[in-house]
Amino acid sequence: MKKLRIVLEMIKIEHTLFALPFAAMGALLAARGIPDGRILFWILVAMVGARSAAMAFNRLVDRDYDAKNPRTASRAIPAGLISVGFVRGFTALASLLLVLAAWRLNTLALLLSPVALGVVFLYSYTKRFTHWCHAFLGLALAIAPVGAWVAVRGDLTLVPLALGAAVVCWLVGFDTIYALQDAEFDKNAGLHSLPVRFGAQKALAIGRVSHVFMILLLVVLGRLAELHGWYFTGVALAAALITAEHVLISPTDLKRLNIAFFNVNIAVSSGLLLFTALDLWLSAV
């Protein structure tokens, strides 16, 4: 049980709440309602596998940086709570879990599973060479709704791509806020991020613009998917929550960063899922 707690902390299982509602949203839009239970099960298995592999791999490749950063020095590997060999094995097993789930879903999902793993693994290296690492994280998270659509329908259209693009913009906005707390360490360590490249004030401005594009893409999604008033109410609520997120944070005051990063963004993704489901249900009755 102790090792299980360490593993769950290592992969930040609570952060699954960011991606899971968007994955469910992609599945609902693909099925125009609730998909078959078997498909939902394998979507969940695929998400657990992909996210666990991504987080464990990130802890592996960043372990030396984590050991030097006071904020992350207590993480499992640098703290000696878990071995590098164990994490490597865990990453391999989680990757196989994703491939298994994709195989059980459909041919396109299976063919795209190595691409998904490649994207989520690549993200861990992006802070070494680009200040747009936040966009790569967004791309990794966007795999969830796009993959859920593929799982249900076995194809790709503009609808899941619009949802995925909205997720990328969402991530750029709030991950830029999260990166503020490590800006000084990253700069000294030779790592890249928007706060390191542009400073806190300009980085936050870029985050705000990215969130504007997110809302615009959600509107486009609603048109493409022929959604109605309840969905657009959810989009308006998401816009209000994101505005509050930016009000909570300033370049000189990060005391409410965890609220802005965690609580607000879970409300954004969960709210969009709820209003999308409500819209699809009411339009079907």
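A residue counts as buried when its relative accessible area is under 20%, and I begin with that cut-off because Cys133, at 2% relative accessibility, falls below it and so counts as buried. Please keep in mind throughout that what we are looking at is a predicted model.

Let me stay with the cysteines for a moment. The sulfur of Cys133 has its closest cysteine sulfur in Cys169, at 15 Å, which is too far for a bond. Cys169, for its part, is in no disulfide, the nearest cysteine sulfur being that of Cys133, and Cys169 is also buried, with a relative accessible area of 16%. With a disulfide taken as a pair of cysteine sulfur atoms within 2.5 Å, the count for this structure comes to zero.

I turn next to the charged pairs. Side chains of opposite charge can pair when their charged atoms come close. The structure holds five salt bridges, and I will go through some of them. Arg75 and Asp66 meet through their side chains at 3.2 Å, N to O, and the acidic partner, Asp66, is buried, with a relative accessible area of 5%. In another of these pairs, Asp182 forms a salt bridge with Arg71, where the closest N and O atoms are 2.5 Å apart. Asp182 sits in the loop between helix H8 (158-179) and helix H9 (183-189), while Arg71 sits in the loop between helix H4 (63-68) and H5, so this pair ties together parts that are 111 residues apart in sequence. The two partners fall into separate classes of accessibility, since Asp182 counts as buried at 8%, whereas Arg71 is partly exposed at 32%. A further salt bridge joins Asp155 and Arg153, with 3.4 Å between the closest N and O atoms; here Asp155 is partly exposed, with a relative accessible area of 26%, and Arg153 is partly exposed as well, at 41%.

Now to the helices, starting with H8. How many of the 22 residues of H8 are buried? The number is 19, so H8 is largely enclosed by the rest of the structure. Its length can be checked too: at 1.5 Å a residue, the 22 residues of H8 should span 32 Å, and the end C-alpha atoms lie 31 Å apart, which agrees.

Helix H5 gives us both a buried residue and a share of the surface. Ala101 has its place in H5, and Ala101 is buried, with a relative accessible area of 0%. Setting aside neighbours within four places in sequence, Ala101 is in contact with Trp42, Val45 and Ala46. By contrast, Ala101 and Glu226, which are 125 residues apart in sequence, are 30 Å apart in space, C-alpha to C-alpha.

That brings me to the surface, where Leu20, Leu44, Val48, Leu97, Leu100, Trp103 and Leu110 form a nonpolar patch whose accessible area is together about 570 Å². Helix H3 (37-61) and helix H5 (84-105) each supply at least two residues of the patch, and the largest share, three residues, comes from H5. Leu44, one of the patch residues, lies in helix H3 and is partly exposed, with a relative accessible area of 44%.

To close, I would set two pictures side by side: H8, with 19 of its 22 residues buried, and the nonpolar patch on the surface, to which H5 gives the largest share.

Technical notes. Residues numbered from 1 in each chain as written. Predicted model: local features only at pLDDT ≥ 70, side-chain atom pairs only at ≥ 80, totals over all residues. Heavy atoms only, no water. Patch = residues over 30% accessible without salt bridge, like charges linked within 9 Å, V, L, I, M, F, W, Y side chains within 5 Å. Areas by Shrake-Rupley, 256 points an atom, 1.4 Å probe, with all protein chains shown as cover. Salt bridge = Lys/Arg side-chain N within 4 Å of Asp/Glu carboxyl O. Helix = DSSP H or I, 4+ residues; strand = E, 2+ residues; numbered from the N terminus. Buried < 20%, exposed > 50% of the residue type's maximum accessible area, 1.4 Å probe, protein only. Expected span 1.5 Å × (residues − 1). Contact = heavy atoms within 4.5 Å.
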